[in-house]
Amino acid sequence: MANVSKEELLHIANLADLNIKDEEIENYLTNLQDILNFAEIVNNANTEGLEETIGENDKFNVFRKDEVKTFENNKMLLQNAKEQERNMFKIPKVIQ
Amino acid sequence: MNITNLTVHELVGKLKNKELTSEEITKAYVDRINDKETNVKAFVTTLCDEALEKAKKIDKKREAGEKVSDFAGIPVGIKDNICTKGIKTTCSSRMLEDFISPYDATVTEKLLQEDLIDLGKLNMDEFAMGASTEYSYFKKTSNPWNLNCVPGGSSGGSAAAVAAELVPWALGSDTGGSIRQPAAFCGVVGLKPTYGLVSRYGLVAFASSLDQIGPITKDVTDAAMLLNIIAGHDEKDTTSYEVEKKDYTKALNNDIKGLKIGVPKEFFAEGINEEVKEKLYEAIETYKKLGADVEEFSLDIAKYSLATYYIIACAEASSNLGRFDGIRYGHRTENFTNLKELYRNSRSEGFGEEVKRRIILGTYVLSSGYYDAYYKKAQQVRTLVKNKFNKAFEKYDVLLTPTAPNVAFEIGTKSNNPLEMYLADICTVSVNIAGLPAISIPCGVNRDNMPIGMQLIGNKFEEEKILNVAYAFEQEYGFRSKYKPGFSKK
């Protein structure tokens, strides 16, 4: 049975780019533990020799013509960015 | 005439023979929204003025003898995770509170091509994660049958709006039951189409291999009509299928003699409320009376399916929601000194608790050391579930189960216990895991006048069969003429 430690939870939160406050840790651990214990039930299923289902249909590679299509309204695409400059998204300085 | 009580197929007739104009219809709905929305709280965004404006234009087109669609000038509500150009699409999340979609989802385009009128965007659990619409960042929607109860979720706003007659029909999305379960809780019809029948382009992704858009309507005929509009292959969604265009209303012939209905006994086992079972058994008797061949059988998947669902859905969500970083769109924190902090703080402030919980669970099951035990195993169980359904459909045309283990519960009773909330999906998730179509229709009420839903599951692309089986019961039972939501607070 899975036993999630505080360190592991913080490691996972770090991978997912989320902060967890000290006072939230206990609650997250309990919930995660409960759900994982419940999820253990999948191990009771007999899946010997079964392939994994990846995606829901039998389609494999879907091809289309490699054509350039212009999205006319690029102003509208950019309008949702909180900061932009010269038609580009702006981010904080990365290289010091 | 009580306009808002009419079904869409009735409205179509009245528009055609000029008994009603689009303006009259739209006005009736706007008045109804003004009257009831404060109680129900189904909308995130209402578009009443715009809708009336458009209705007048469509009436002019009709008067001028221009060729218009049968549905031209009929209002519709859209779940707030389906993109609508120039209109906010929030997913009921702080993350997308100010997001104005730069394009229309394919289904939105299809609605607009028919000149349907968008009456507003409907509330939901944040990013469609939930079974009660309580996880919306903006508001808690109430169930029109009892305002102290949840409408179900995640398409709770859509189902409540249809039940309260705030919209004639609506679109929802279903990842693990999010169309069917709220439809059951609100006493309306909800159809989850076969995976790939309806384009997902412009639907904000939660779990891409499970998500599907579908109709929530007053009756089965309206569901078939709305499916006619939204179904079809789309180049922009590579998982959408190239299937021939059908008129699903043609399947509604009321003839189910000799049709084989399988009743999986595990879906009536422990945890299913007695009154729910009772109504389902009555429905089974009705089907027998109508000439269907009903048989109980064993489909031992419900318990695996739910665990499998939460592993797969959360894994996919953790990946899909990685795109929200505060740069191109979405909430952006004011509290940062470098790029990493900008990402982390934007995400931590923008997402609600349940969304974060699922991202963390999803990240966990995909992480090194746990991938095989959880994710890989769940993908194998998914194959097992599909195989078992395939076997069932060798013998039966349609499977019949409850839609939910119980009727709508009171607001606040489950929102602090995630696992208990997840159990609300026990009857519906296996359908998504296998990519099948299923419909929920009301089959009675309990002693407190709360609706009970019946689920009919079909084989892939056999929407016509489940629609007709649902139609046969609906015609015989007449739920809409027997029961009405009371807007009470019990």
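Let's start with what covers the buried residues of helix H11 in chain B: the cover includes H1 and helix H2 (22-39) of chain A, together with H9 and H12 of chain B. This is a predicted model, where local features need pLDDT of at least 70, side-chain atom pairs count only at pLDDT 80 or more, and totals for chains, interfaces and linings use all residues. To find your way around, note that residues are numbered from 1 along each chain as its sequence is written, while chains are lettered from A and ligands numbered from 1 in the order in which they are written.

Helices here are DSSP runs (H or I, at least four residues), as are strands (E, at least two), and both are numbered from the N terminus. A residue is called buried if 20 or more other C-beta atoms, placed from the backbone, lie within 10 Å of its own, exposed if 12 or fewer do, and partly exposed in between. In H11(B), 10 of the 14 residues are buried, so the helix is largely enclosed by the rest of the structure. Among them are Val355(B), Ile359(B), Leu361(B) and Tyr364(B), and also the charged-looking pair Lys356(B) and Arg358(B).

Now zoom out to where the chains meet. Here 52 residues of chain B are in contact with 41 residues of chain A, contact being C-beta atoms, placed from the backbone, within 7 Å. Helices H9, H10, H11, H12 and H13 of chain B each supply at least two residues of the side that touches chain A. Which helix gives the most to that side? That's H12(B), with 11 residues. By class, the side has 25 nonpolar, 15 polar and 12 charged residues. (Ala, Val, Leu, Ile, Met, Phe, Trp, Tyr, Cys and Pro count as nonpolar, Asp, Glu, Lys and Arg as charged, and the others, Gly among them, as polar.)

Next, take a look at helix H3 of chain B, residues 48-63. Its buried residues are Ala51(B), Lys54(B), Ala55(B), Ile58(B) and Asp59(B). Seen down the helix axis, they fall within an arc of 145 degrees (going by the directions from the axis to the C-beta atoms), so they line one face of H3(B). They pack against helix H2 (22-40), strand E2 (75-79) and strand E3 (117-122) of chain B. On the other side of H3(B), Asp49(B), Lys60(B) and Glu63(B) are exposed.

Technical notes:
Contact = placed C-beta atoms within 7 Å. Expected span 1.5 Å × (residues − 1).
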